[in-house]
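I opened the notebook to go through this structure step by step. The order of entries follows what I looked up.

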Amino acid sequence: MKTVEGVCEVKTNIGTMPLEDYLDIEAMKLGFDEYEDLKNNGYTIESDKEWRICQLLAWSRRLLQIAQLEIICAGLRREL
């Protein structure tokens, strides 16, 4: 991470971007609307340990959504 003209920037595989944008993108990957939404749910992306926990919770949330969809689909199949 580096600072350019007072703005923190993150180096990515395609160049650099403002930290704020990077955090929003990473939060969206985890199923949140933006980084502020992630923080409002009690998480941050500021340490590796917290980051891994947040990823695990996001994957758990996705698995739950998939399971719920499978239950709905099973119910619909029975009705047909």
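**Entry 1: Leu76 and its patch**

I started at Leu76, which is partly exposed, with a relative accessible area of 46%. I placed Leu76 in helix 3, which covers residues 48-79. The model is a predicted one, and I read every value below with that in mind. Next I asked which residues form a nonpolar patch on the surface with Leu76. They are Leu69 and Ile72. Together the three residues, Leu69, Ile72 and Leu76, have about 300 Å² of accessible area.

**Entry 2: The chain as a whole**

I stepped back to the fold. I found 3 helices and 3 strands in the protein chain. Read from the N terminus, the order of elements is β-β-β-α-α-α. I then looked up burial: of the 80 residues in the protein chain, 18% are buried. The accessible surface comes to about 6400 Å². Carbon and sulfur atoms account for 55% of that surface. I also checked contacts between residues at least 6 apart in sequence. Of these, 16% join residues at least 24 apart.

**Entry 3: Salt bridges**

How many salt bridges does the count give? I noted 2 salt bridges.

One joins Glu26 and Lys29, with the closest N and O atoms 3.0 Å apart. Both residues sit in helix 1, 3 residues apart, so about one helical turn separates them. I compared burial for the pair. Glu26 is buried, at a relative accessible area of 8%. Lys29 counts as partly exposed, at 48% relative accessibility.

Another salt bridge is formed by the side chains of Lys39 and Glu36, at 3.9 Å from N to O. I set that distance against the cut-off, which asks for a nitrogen within 4 Å of a carboxyl oxygen. Lys39 and Glu36 are 3 residues apart in helix 2, so the separation is again about one helical turn. I logged helix 2 as residues 35-40. Lys39 is partly exposed, at 38% relative accessible area. Glu36 is partly exposed too, at 39%.

**Entry 4: Asp24, a charge without a partner**

I turned to Asp24, in helix 1, residues 19-29. Is Asp24 buried or exposed? Asp24 is buried, yet I found no salt bridge for it. Side chains of opposite charge can pair when their charged atoms come close. For Asp24 the nearest side chain of opposite charge is Lys39, and that one is 9.0 Å away. The cut-off for a salt bridge is 4 Å, so 9.0 Å does not meet it.

What does Asp24 touch, leaving aside its neighbours within four places in sequence? I listed contacts with Glu34 and Tyr35.

I took one more distance from Lys39. Lys39 and Ala27 are 12 residues apart in sequence, with their C-alpha atoms 9.2 Å apart in space.

**Entry 5: The negative patch**

Glu34 came up again when I looked at surface charge. A negative surface patch consists of Glu20, Asp21, Asp33 and Glu34. I looked at one of its members, Glu20, which lies in helix 1. Glu20 is exposed, with a relative accessible area of 59%. Glu34 thus has two notes in this book: it belongs to the negative patch, and it is in contact with the buried Asp24.

Technical notes. Residues are numbered from 1 along each chain as its sequence is written. This is a predicted model: local features need pLDDT of at least 70, side-chain atom pairs count only at pLDDT 80 or more; totals for chains, interfaces and linings use all residues. Side-chain values use heavy atoms; hydrogens and water are left out. Helices (H or I, at least four residues) and strands (E, at least two) are DSSP runs, numbered from the N terminus. Buried means under 20% relative accessible area, exposed over 50%, partly exposed in between (1.4 Å probe, protein chains only). Lys and Arg count as positive and Asp and Glu as negative; His and the chain ends are not counted. Contact means heavy atoms within 4.5 Å. Patches are made of residues with over 30% relative accessible area and no salt bridge: like charges are joined within 9 Å, nonpolar side chains (Val, Leu, Ile, Met, Phe, Trp, Tyr) within 5 Å. Accessible areas come from the Shrake-Rupley method with a 1.4 Å probe; for residues, only the protein chains shown count as cover. The place of a charge is taken as NZ of Lys, CZ of Arg, CG of Asp or CD of Glu.
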